[in-house]
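Let's walk through this model together, starting with a place where two chains meet. Please keep the viewer open as you read.

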There are 8 protein chains.
Amino acid sequence: MTLLNPLVPIILGSKGDLHYGQVVANALTQFGVASEIRIASAHKVPAALLQILSDYETDPRPKVYITITGRSNALSGLVDAQVTCPVIACPPLSDTFSGADIYSSLRMPGGIAPLVILDPEGAALAAAKIFALDNPEVHASVRAFQKANAERLLQDDDELNSKSKPSVPSLPPQESSVNNFDL
Amino acid sequence: MTLLNPLVPIILGSKGDLHYGQVVANALTQFGVASEIRIASAHKVPAALLQILSDYETDPRPKVYITITGRSNALSGLVDAQVTCPVIACPPLSDTFSGADIYSSLRMPGGIAPLVILDPEGAALAAAKIFALDNPEVHASVRAFQKANAERLLQDDDELNSKSKPSVPSLPPQESSVNNFDL
Amino acid sequence: MTLLNPLVPIILGSKGDLHYGQVVANALTQFGVASEIRIASAHKVPAALLQILSDYETDPRPKVYITITGRSNALSGLVDAQVTCPVIACPPLSDTFSGADIYSSLRMPGGIAPLVILDPEGAALAAAKIFALDNPEVHASVRAFQKANAERLLQDDDELNSKSKPSVPSLPPQESSVNNFDL
Amino acid sequence: MTLLNPLVPIILGSKGDLHYGQVVANALTQFGVASEIRIASAHKVPAALLQILSDYETDPRPKVYITITGRSNALSGLVDAQVTCPVIACPPLSDTFSGADIYSSLRMPGGIAPLVILDPEGAALAAAKIFALDNPEVHASVRAFQKANAERLLQDDDELNSKSKPSVPSLPPQESSVNNFDL
Amino acid sequence: MTLLNPLVPIILGSKGDLHYGQVVANALTQFGVASEIRIASAHKVPAALLQILSDYETDPRPKVYITITGRSNALSGLVDAQVTCPVIACPPLSDTFSGADIYSSLRMPGGIAPLVILDPEGAALAAAKIFALDNPEVHASVRAFQKANAERLLQDDDELNSKSKPSVPSLPPQESSVNNFDL
Amino acid sequence: MTLLNPLVPIILGSKGDLHYGQVVANALTQFGVASEIRIASAHKVPAALLQILSDYETDPRPKVYITITGRSNALSGLVDAQVTCPVIACPPLSDTFSGADIYSSLRMPGGIAPLVILDPEGAALAAAKIFALDNPEVHASVRAFQKANAERLLQDDDELNSKSKPSVPSLPPQESSVNNFDL
Amino acid sequence: MTLLNPLVPIILGSKGDLHYGQVVANALTQFGVASEIRIASAHKVPAALLQILSDYETDPRPKVYITITGRSNALSGLVDAQVTCPVIACPPLSDTFSGADIYSSLRMPGGIAPLVILDPEGAALAAAKIFALDNPEVHASVRAFQKANAERLLQDDDELNSKSKPSVPSLPPQESSVNNFDL
Amino acid sequence: MTLLNPLVPIILGSKGDLHYGQVVANALTQFGVASEIRIASAHKVPAALLQILSDYETDPRPKVYITITGRSNALSGLVDAQVTCPVIACPPLSDTFSGADIYSSLRMPGGIAPLVILDPEGAALAAAKIFALDNPEVHASVRAFQKANAERLLQDDDELNSKSKPSVPSLPPQESSVNNFDL
């Protein structure tokens with residue numbers, strides 16, 4: 001086994017979630033991770049879903065499943081219970097009932113452990129972080145992504161304060177201030 | 001086909017819901033309806049669940065399924081999509097997150113239609129009402145149950161007010177009062 | 001008695017719910033089930049509502065009531081308590097208070113058992129499933145509807161993956177994979 | 001007509017709410033207002049409820065109805081729509097679903113106007129305030145009740161601060177301080 | 001004292017609620033009840049508010065106060081505690097936090113009893129019902145309003161079903177049907 | 001030390017909150033309080049944030065921090081724990097999940113005490129009130145602001161009622177009315 | 001003016017909140033800040049409350065008000081609008097309606113700015129931080145409190161890991177790791 | 001790199017969560033995964049937390065972080081943004097505000113992707129599934145765990161129905177029944 005040549009099967013509960021799945025797939029591409037979008041309802045075609053999972057389990061590539069389904073989420077739990085690979089549930093949220101659908105992704109019975117994340121690009125990042133554990137290229141792309149995010153924030157602050165920043169020289173934090181409690 | 005000799009398969013998501021299932025079974029017995037309690041998780045043993053449903057579908061008795069599972073309810077939707085018989089979802093409620101688990105029973109995708117009811121005895125009553133459509137014995141038991149409920153209320157009011165009730169003679173409602181708007 | 005020639009009285013709490021009722025009626029037509037839309041508020045014209053129910057009870061056709069009313073739902077419980085036929089509550093949801101109106105359909109007192117479903121087409125499907133217990137034509141239409149839903153999902157997956165599907169031959173599931181836990 | 005000899009029919013949805021109704025009745029007694037507790041479910045015995053209302057409408061005493069029913073509140077709206085007297089809905093709250101039952105009392109359809117209050121003693125006070133509009137004895141009891149409440153607060157503050165209160169002489173508020181904005 | 005010549009002081013928390021107050025005032029006019037719209041914040045000008053209330057209390061006309069204020073409702077409780085007349089809180093709802101502002105109108109401390117209603121026309125109806133206890137003209141207008149509502153519903157049902165209504169002759173309800181449980 | 005020459009560091013979690021920060025800054029200007037807008041995510045650049053706080057702590061000007069960040073609010077608690085100056089959390093609200101993000105600002109662990117306020121202009125007012133404790137100019141501006149608010153309300157009421165106000169002479173409140181309970 | 005000799009008037013809405021107020025008072029004592037507990041309901045004794053505020057405003061000591069009242073919070077907004085000193089609202093929470101009372105403290109109208117905090121000891125800390133802006137003793141006590149909190153955490157981690165901590169030498173963070181993005 | 005010898009740093013926000021962390025650690029042990037429990041508040045000792053993360057990043061073992069902190073969860077997002085390893089947030093839930101703390105774990109800003117799971121044993125299972133991607137021993141333990149769960153369910157059903165199971169021979173599913181839609 002190895003984490004090279006990783007694959008993310010993105011399983012949709014219906015075709016209506018296709019755009020959402022493509023956002024995940026595009027973000028995965030940016031981390032150098034391949035994906036395949038499949039459509040299979042845990043309610044309506046459970047046998048076909050089991051067959052899809054069975055097929056994937058014989059595929060030697062390392063896999064993280066990302067399951068995407070709105071409303072009552074049966075898909076994520078069923079997939080998680082049937083495979084040994086990690087499963088990330090990324091349910092498209094609805095405004096109906098203040099988004100209470102999320103609890104169908106969170107309130108899993110014992111022994112079932114899909115991992116929940118709201119942001120589809122975040123789902124891709126999280127999957128990439130898993131493969132990055134033993135894949136230098138993906139590791140590098142994750143690190144570059146995080147670094148770029150941090151640098152953009154620093155740059156945003158710089159641009160905003162290029163003229164007005166306090167010229168008071170910063171004393172060493174040990175002496176008088178902020179974070180010396182824990183240093 | 002006929003609605004005589006009806007059967008309610010009560011399907012539990014786990015053994016932990018057994019007591020809840022027995023409340024339903026007992027109430028069904030009072031309406032003269034037979035039931036069988038089965039345990040099968042849609043997440044963990046979907047193939048076994050499909051086999052159970054397949055077996056029941058070859059059973060010629062008229063059936064209403066009652067599905068009982070806490071937390072995220074995958075069971076009710078899967079069963080409903082796989083059988084032509086009516087499915088009643090009767091999820092045991094939890095206080096966690098103010099009982100938001102209920103939305104996993106209500107927010108079904110299109111084309112899937114389990115019917116939701118909170119009270120386990122109510123689930124039995126609703127199933128009995130379905131069989132009562134073409135089963136005189138069950139019909140009689142439903143009617144007797146409803147009649148007894150109504151009479152108990154009238155009796156409760158009588159006992160409470162046997163002395164203090166207004167002795168003002170009631171005029172015909174058409175003349176001066178209440179419900180003449182719609183008569 | 002028989003479940004041939006079934007009828008669904010669709011009872012609206014006000015004329016404002018007429019469009020919603022017509023969605024139910026149209027879906028029932030597709031399952032080969034006749035319906036009649038009636039308007040009667042449990043609050044404002046309870047005596048007229050009782051008379052409507054009384055009239056229907058003398059009608060020998062098998063019936064499932066579908067009650068449709070927004071805001072505080074008094075209609076569904078009153079109808080359910082007054083008839084022996086099954087009652088399906090299909091309340092049009094409002095965004096106000098995050099849709100908390102639904103609890104007025106769910107929180108019935110003991111002995112009253114309307115069955116709740118959110119989707120109006122789902123209400124029709126559920127009613128059809130009840131009649132399908134002893135009506136071959138309705139049974140066939142329900143089965144065809146479910147089959148078409150399942151096939152469309154399989155087709156959606158096929159179209160999406162006609163080129164990219166994994167060519168790895170699927171091993172028998174007993175050997176290495178997914179659903180062998182429960183087979 | 002007159003507001004002398006007032007009567008509050010307290011209508012319970014079931015005998016289970018009897019204690020709650022008695023709290024209201026006792027508080028009404030303290031304001032000098034008579035009451036009668038009746039039991040009648042809008043769901044189960046609507047015709048009996050209509051008859052009760054019809055009887056009361058022929059009773060010449062001025063009336064404010066207080067309706068008490070837990071879970072889905074059909075009673076308050078039905079009563080309000082059938083009588084011209086004011087109706088106060090005082091639903092016993094449940095912790096289930098974070099007390100969402102309250103919305104079944106608040107979300108009335110157009111043209112129906114029961115007035116909602118949570119506290120059973122508050123329901124009695126509000127009814128007394130209505131009769132106090134034209135009943136000197138009840139008016140005096142309401143006023144005495146309010147005055148006692150206010151005085152107890154002043155006394156509580158006095159007792160707590162008898163030693164520690166600031167001895168700084170209070171200047172006239174017009175000069176330097178608080179509420180001069182609106183005087 | 002008398003309930004003739006009634007007055008509803010409509011107190012707004014700010015000018016922003018003026019349109020809402022005018023809806024109430026117009027509805028009151030239809031019931032033959034006079035009103036005056038005042039603006040006074042319990043937070044910002046409590047002394048002016050107390051003066052307004054003091055002025056009204058010397059006005060001999062029978063009064064029901066209607067208090068209208070969004071967000072955190074301090075106005076209704078303060079007014080209710082300071083006057084012996086009934087107070088109806090009719091808070092304009094906001095979508096923010098799913099309308100949780102309503103709890104600031106409902107969760108009053110002990111001894112304070114504003115009556116809550118959501119619909120501004122309902123607030124006017126409720127106030128009219130109070131005056132109708134001893135004012136024949138207002139009583140007649142309330143009754144006419146309720147009757148018109150009921151008749152419109154019956155008419156809506158008639159128009160919808162003029163052709164399709166079941167011609168099955170309705171048997172007397174005692175014999176076979178619906179509401180005989182409680183008659 | 002002194003509260004003259006006060007400064008409000010407004011710390012944003014991201015550039016996306018810039019407009020929101022500027023509303024706060026503009027309101028502070030009206031109270032005569034200087035501010036600086038900084039961008040620093042507690043999640044992404046905690047070391048830079050600690051450095052910013054360290055720099056500010058060496059700045060002798062009296063400071064109140066206002067922290068502005070949407071979604072899960074880590075910023076406010078981290079800042080509050082690291083500085084001795086008061087911290088005001090003013091989170092931009094989202095409709096998602098009915099605004100439940102607010103709890104990430106309120107539910108602080110023990111020993112951490114950012115003060116929460118929803119309205120960005122209110123955050124500025126609250127900061128100004130703090131400096132007003134020992135800054136006559138800011139005190140005067142706060143007082144003028146409050147007075148103007150109160151006077152506008154009185155004026156709004158006057159304009160609305162210039163013709164229709166009751167001409168009944170107001171008796172002294174001690175005699176007959178409202179607020180004599182507590183005077 | 002000066003921030004020496006600071007005072008926190010703790011205003012309770014009723015005697016029932018006395019214990020809660022004492023928790024605040026005790027915590028203030030630990031920061032070297034004096035306090036006085038007063039009882040005054042904004043609903044029931046607004047004139048007495050205005051008088052209390054008027055008295056305090058003539059007291060030359062620097063003040064931060066802490067207002068404590070359960071249920072619908074009218075007190076905090078009224079106090080904040082009437083004084084120029086900062087006001088901290090610390091409402092005792094109730095489980096009823098999932099603690100929705102908090103919104104009556106948060107949803108203030110424009111121009112009113114009490115600062116909300118849940119933890120009573122946190123309210124004391126926040127008040128102390130305000131006085132610490134220009135009071136060396138209070139500043140020292142706040143700093144000591146924060147430092148002790150931080151040190152206890154470090155100590156807890158040390159005790160837990162004294163044997164099991166990783167002996168891997170930590171490389172400089174700039175080289176390979178964590179927080180180099182923002183340093 | 002390799003996924004052999006994996007390590008789960010379990011980071012607690014405070015010592016109060018120690019028991020919760022130990023549940024996770026014990027479950028990890030059962031999957032053959034080592035763990036270390038650390039205590040570090042993102043609010044109070046962010047520099048120490050950064051140092052801990054920096055130390056771990058130089059540790060060559062493959063790591064999945066599990067972050068455990070109640071109330072407002074700042075820890076999980078900060079850790080996730082600072083490390084390339086996957087982060088699983090497993091927040092101990094509170095009943096306060098119906099468990100709304102969960103949103104502080106879910107509502108992460110863009111670019112930050114901790115994966116959320118409620119059950120502490122589920123967090124361990126999910127971490128084990130990640131290591132199982134390239135660790136045969138962990139893979140075997142995960143598979144055995146899942147298999148045991150499935151078998152226990154089948155056994156529970158067998159025991160319950162050993163006598164009462166339907167003896168109707170199950171026809172092949174293709175012919176008459178359940179899951180033929182998708183096979």
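In this predicted model, 40 residues of chain A touch 42 residues of chain H, where contact means C-beta atoms, placed from the backbone, within 7 Å. Four elements of chain A each supply at least two residues of the side that touches chain H; helices (H or I, at least four residues) and strands (E, at least two) are DSSP runs, numbered from the N terminus.

| Element of chain A | Residues |
|---|---|
| Helix H2 | 46-58 |
| Strand S5 | 115-116 |
| Helix H5 | 120-131 |
| Helix H6 | 136-161 |

That side of chain A divides into 26 nonpolar, nine polar and five charged residues. Here Ala, Val, Leu, Ile, Met, Phe, Trp, Tyr, Cys and Pro count as nonpolar, Asp, Glu, Lys and Arg as charged, and the others, Gly among them, as polar.

Chain A as a whole has seven helices and five strands, in the order β-α-β-α-β-α-β-α-β-α-α-α. Of its 183 residues, 66% are buried, meaning 20 or more other C-beta atoms within 10 Å of their own (exposed is 12 or fewer, partly exposed in between; C-beta atoms are placed from the backbone). Among contacts with a separation of 6 or more in chain A, 67% join residues 24 or more positions apart.

Now to chain F: F:Gly16 sits in the loop between strand S1 (7-12) and helix H1 (18-30). F:Gly16 counts as partly exposed because it has 15 C-beta neighbours inside 10 Å.

Residues are numbered from 1 along each chain as its sequence is written, chains are lettered from A and ligands numbered from 1 in the order written. Because this is a predicted model, local features need pLDDT of at least 70 and side-chain atom pairs count only at pLDDT 80 or more, while totals for chains, interfaces and linings use all residues.

Technical notes. Contact = placed C-beta atoms within 7 Å.
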